[in-house]
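Let's take a walk through a protein model together. Keep the structure open beside you and follow along as we go from place to place.

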Amino acid sequence: MITAYCSNCQAIDLGDLTQASALRDDVVWIDMIEPTHEEEAFVEKALGIEVPTRDDLKDIEPSARLYTEDDAVFMTASLVWKAETDTPVLTDVAFILAGKRLVTIRYAKPKSFGLFIAALHRVPAQWRNGASLLAKLFETIIDRTAEILEISVARIDILSMHVFGERARKVRKPSNYLEEKLRDIAAHQRLVSKVRDSLASLSRLMTFFYNVPAVQQDHDTKDLCRTVSRDIQSLSEHSSYIAGNITFLLDASLGLINIEQNSIIKIFSIASVVFLPPTLVASIYGMNFEAMPELHWVQGYPYSLGLMVISAIIPFFFFRWKGWL
């Protein structure tokens, strides 16, 4: 699907167009979502550029993601997609500056694009060209990334209260409670890791984009790029801080699991020690030697039972006195 946006913010569906001459002169942004080969050929003919394929976007080499060819600037960044789900992923998006037009190629629908399109009419008229729109789009992407981190921080705080809060200590928890929290921690770590990878990709892109002649010639766009770069740096540091908190939460949860396991083992150990003396008494008086003095003793049975109880009570109260119970 291809959608073109004119300088007056009017959206035009180019899906049915087959002639390059049908592309209007006032088109400033061409948004390609999962384009077909025919749509790619149409844009290539209309703009005189070679559109990267889906396989090209997956290339991790910087020279293949950031380059200039025939006065057209090609940039690829990895954006976070499905951040609200349990399986966030990175999707590669291509940004192309061809003259005064912006071309985006994506095979997913990150929320930042929807937010940018919804607010496109608020962009001042003097900003409605390829380079300026791209700078504004990057600003929206960074704002969305900051929102993802804020949501992640809020969820991690809630998770921390569930693990360490007063209620977590007082309410009896299921046996697999902490194991489930470990899965939640892993999900948060996965999201923050995707955000950090995306920010690293955007940081490299912004360094390249800042030196594009179209940006250097526009003072406002240049200032906005500097602001976005600073925001990326701040978010990268913040994401590292969040990752550190997640690591602490993971280590603490594993520590609590070890404490619970040690408590269970301690109970079994104490129980075995408490019942060891009665077992010894029962073993002694369970022998069937003919010469045993107590073998025909009338009070032998209650005596042995009482001895077993006393031998169990003494270690129990000794452990209580030591504070081991």
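Before we start, here's a term we'll keep using: a residue is called buried if its relative accessible area is under 20%, exposed if that area is over 50%, and partly exposed in between. Try it on D92, a residue in strand 6. D92 has a relative accessible area of 19%, so D92 counts as buried. Keep in mind that what you're looking at is a predicted model.

While you're at D92, try getting a feel for distances. Look for I257, which is 165 residues away from D92 in sequence. In space, the two are 39 Å apart, going from C-alpha to C-alpha.

Now let's look for charged side chains that pair up. How many salt bridges does the structure hold? There are five. One of them joins R106 and D31, and their closest N and O atoms are 2.5 Å apart. This pair ties together distant parts of the chain: R106 belongs to strand 7 (residues 101-106) and D31 to strand 3 (residues 27-33), with their positions 75 residues apart. Are these two partners buried or exposed? R106 has a relative accessibility of 4%, so R106 is buried. D31 is buried as well, because its relative accessibility is 2%.

Other salt bridges sit inside a single helix. Head over to helix 9 (residues 219-274), where you'll find both R226 and D223. They're three residues apart there, about one turn of the helix. Their salt bridge brings the closest N and O atoms to 2.2 Å. R226 is partly exposed, with a relative accessible area of 32%, and D223 is partly exposed too, at 25%. Elsewhere, salt bridges with shared partners tie E84, R144 and E147 into one network.

Let's zoom in on two members of that network. The side chains of E147 and R144 meet in a salt bridge, at 3.3 Å from N to O. Where do they sit? Both are in helix 5 (residues 130-164), and because they're three residues apart there, about one helical turn separates them. Their surroundings are not alike: E147 is partly exposed, with a relative accessible area of 30%, whereas R144 is buried, at 7%.

Not every charged residue has a partner like that, so let's move to the surface. A patch of negative charge gathers there, made of E50, D55, D56, D59, E61, E69, D70 and D71. Pick out D70, which lies in the loop between strand 4 (66-69) and strand 5 (72-81). With a relative accessible area of 70%, D70 is exposed.

The surface has a nonpolar patch as well. It's formed by L280, I284, Y285, M287, F289, W297, V298 and Y303, which together have about 820 Å² of accessible area. Which helix gives the most to this patch? That's helix 10 (residues 276-285), with three residues. M287, another member of the patch, is found in the loop between helix 10 and helix 11 (300-322). M287 is partly exposed, with a relative accessible area of 35%.

Next, a look at the backbone. Most residues other than glycine have a negative phi. E34 goes the other way: it isn't a glycine, yet its phi is positive, about 45°. You'll find E34 in the loop between strand 3 and helix 1 (37-47), and at 48% relative accessibility E34 is partly exposed. K82 is another non-glycine residue with a positive phi, in this case near 60°. K82 is in the loop between strand 5 and strand 6 (89-98). At 37% relative accessibility, K82 is partly exposed.

One last stop: the cysteines. A disulfide is a covalent bond between the sulfur atoms of two cysteines. How many disulfides does a search of the whole structure find? Zero. Two cysteines to look up are C6, which is buried with a relative accessible area of 2%, and C225, which is buried at 1%.

Methods
Residues are numbered from 1 along each chain as its sequence is written. This is a predicted model: local features need pLDDT of at least 70, side-chain atom pairs count only at pLDDT 80 or more; totals for chains, interfaces and linings use all residues. Side-chain values use heavy atoms; hydrogens and water are left out. Patches are made of residues with over 30% relative accessible area and no salt bridge: like charges are joined within 9 Å, nonpolar side chains (Val, Leu, Ile, Met, Phe, Trp, Tyr) within 5 Å. Accessible areas come from the Shrake-Rupley method with a 1.4 Å probe; for residues, only the protein chains shown count as cover. A salt bridge is a side-chain nitrogen of Lys or Arg within 4 Å of a carboxyl oxygen of Asp or Glu. Lys and Arg count as positive and Asp and Glu as negative; His and the chain ends are not counted. The place of a charge is taken as NZ of Lys, CZ of Arg, CG of Asp or CD of Glu. Helices (H or I, at least four residues) and strands (E, at least two) are DSSP runs, numbered from the N terminus. Buried means under 20% relative accessible area, exposed over 50%, partly exposed in between (1.4 Å probe, protein chains only). A disulfide is a pair of cysteine sulfur atoms within 2.5 Å.
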